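Here's a quick briefing to read alongside the sequence and the 3D view. Have both open and follow along.

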Amino acid sequence: MIGKLDDYMRFNETALSLRSTRQEVLASNIANADTPNYKARDVDFASALKGALAKAGGAAPALKGTSPQHMAGKGVAGAAGSKAAGSLADGTPLLYRAPAQGAVDGNTVDMDLERNAFADNAIRYETAITLLNGQIKGMLTAIQGGQ
């Protein structure tokens with residue numbers, strides 16, 4: 001029974017964990033905006049989520065076309081202009097972000113890009129929490145019989 005509950009919540013649990021990790025990486029970029037030779041990093045969320053779900057034994061929900069005329073989706077292979085930068089302790093792969101404009105001190109942090117990515121990730125984190133709360137409320141309604 002508990003295993004089925006784990007399976008039911010695994011996707012949102014994994015997504016929240018990765019969003020939290022990405023928020024830490026983006027915050028680190030913002031904190032080091034004035035550090036000479038600091039290289040901005042980011043997490044390729046889509047591939048990290050696929051990898052984490054594969055390790056956990058789950059699978060990302062697949063998109064299904066309803067018409068043969070639909071175009072096939074393309075997976076995200078990495079952030080545009082990024083190259084590998086190792087991984088975090090939990091195995092999440094990190095990428096270096098290619099700078100749009102070089103800086104004299106070698107720092108590659110673009111504050112506009114970082115603030116935008118930080119805000120976007122925060123909104124998506126809140127959305128994931130809202131979805132998880134909906135799942136929990138749905139289970140409680142099923143358990144209590146819709147009272």
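**Starting at a charged side chain**

Arg 115 has 46% relative accessibility, so it counts as partly exposed. Keep in mind that this is a predicted model. The Arg 115 side chain meets that of Asp 112 in a salt bridge, with N and O 3.0 Å apart. From there, we can work out to the overall layout, the other charged pairs, the core and a few spots worth a look.

**Overall layout**

- The protein has 3 helices and 3 strands, and going from the N terminus the order is α-β-α-β-β-α.
- Out of 147 residues, 27% count as buried.
- Among contacts with a separation of 6 or more, 74% are between residues 24 or more positions apart.
- The accessible surface is about 9,900 Å², and carbon and sulfur atoms account for 58% of that.

**Salt bridges**

- How many salt bridges turn up in a search of the whole structure? The search finds 5.
- Back to Arg 115 and Asp 112: they sit 3 residues apart in helix 3, so about one helical turn separates them.
- Asp 112 counts as exposed because its relative accessibility is 53%, while Arg 115, at 46%, counts as partly exposed.
- Another of the bridges joins Asp 42 to Arg 22, with the closest N and O atoms 2.8 Å apart. Asp 42 is in strand 1 (residues 41-43) and Arg 22 is in helix 1, so this pair ties together parts that are 20 residues apart in sequence.
- Both ends of that bridge are tucked away: Asp 42 counts as buried at 8% relative accessibility, and Arg 22 counts as buried at 11%.
- Arg 97 and Glu 114 also meet through their side chains in a salt bridge, at 2.2 Å from N to O. Arg 97 belongs to the loop between strand 3 (93-96) and helix 3, and Glu 114 to helix 3, so the pair ties together parts that are 17 residues apart in sequence.
- Arg 97 and Glu 114 are both buried.
- Which residues are linked in a network of salt bridges? They are Arg 22, Asp 42, Arg 97 and Glu 114.
- As a general point, side chains of opposite charge can pair when their charged atoms come close.

**The nonpolar core**

- The largest nonpolar core has 9 residues: Ala 15, Leu 18, Val 25, Val 43, Phe 45, Ala 48, Leu 49, Leu 53 and Leu 94.
- Helix 1 (2-31) and helix 2 (45-56) each contribute at least two residues to this core, and helix 2 has the largest share, with 4.
- In soluble globular proteins, nonpolar side chains tend to be buried together.

**Helix 3**

- Does the end-to-end length fit or clash with what you'd expect for helix 3? Its 34 residues (111-144) should span 50 Å at 1.5 Å a residue, and the end C-alpha atoms are 49 Å apart, so the two agree.
- The buried residues in this helix are Glu 114, Ala 117, Asn 121, Ala 128, Leu 132 and Gln 135.
- Asn 121 is worth zooming in on: it counts as buried because its relative accessibility is 0%. Setting aside neighbours within four places in sequence, Asn 121 is in contact with Arg 19, Arg 22, Gln 23 and Leu 26.
- On the surface, Ile 136, Leu 140 and Ile 143 form a nonpolar patch, with about 290 Å² of accessible area together.
- Ile 136 lies in helix 3 and counts as partly exposed because its relative accessibility is 34%.
- Right after helix 3 comes Gly 145, which has a positive phi near 80°.

**A loop residue to check**

- Ala 33 is in the loop between helix 1 and strand 1. Is Ala 33 buried or exposed? At 18% relative accessibility, Ala 33 counts as buried, since the cut-off is under 20%.
- Apart from neighbours within four places in sequence, Ala 33 is in contact with Asn 107, Val 109 and Met 111.
- The C-alpha atoms of Ala 33 and Met 111 are separated by 7.1 Å, although the two residues are 78 residues apart along the chain.

Methods: Residues are numbered from 1 along each chain as its sequence is written. This is a predicted model: local features need pLDDT of at least 70, side-chain atom pairs count only at pLDDT 80 or more; totals for chains, interfaces and linings use all residues. Side-chain values use heavy atoms; hydrogens and water are left out. A nonpolar core is a set of buried Ala, Val, Leu, Ile, Met, Phe, Trp, Tyr and Cys residues joined through side-chain atoms within 4.5 Å. Buried means under 20% relative accessible area, exposed over 50%, partly exposed in between (1.4 Å probe, protein chains only). The expected span of a helix is 1.5 Å times one less than its number of residues. Contact means heavy atoms within 4.5 Å. Patches are made of residues with over 30% relative accessible area and no salt bridge: like charges are joined within 9 Å, nonpolar side chains (Val, Leu, Ile, Met, Phe, Trp, Tyr) within 5 Å. Accessible areas come from the Shrake-Rupley method with a 1.4 Å probe; for residues, only the protein chains shown count as cover. A salt bridge is a side-chain nitrogen of Lys or Arg within 4 Å of a carboxyl oxygen of Asp or Glu.
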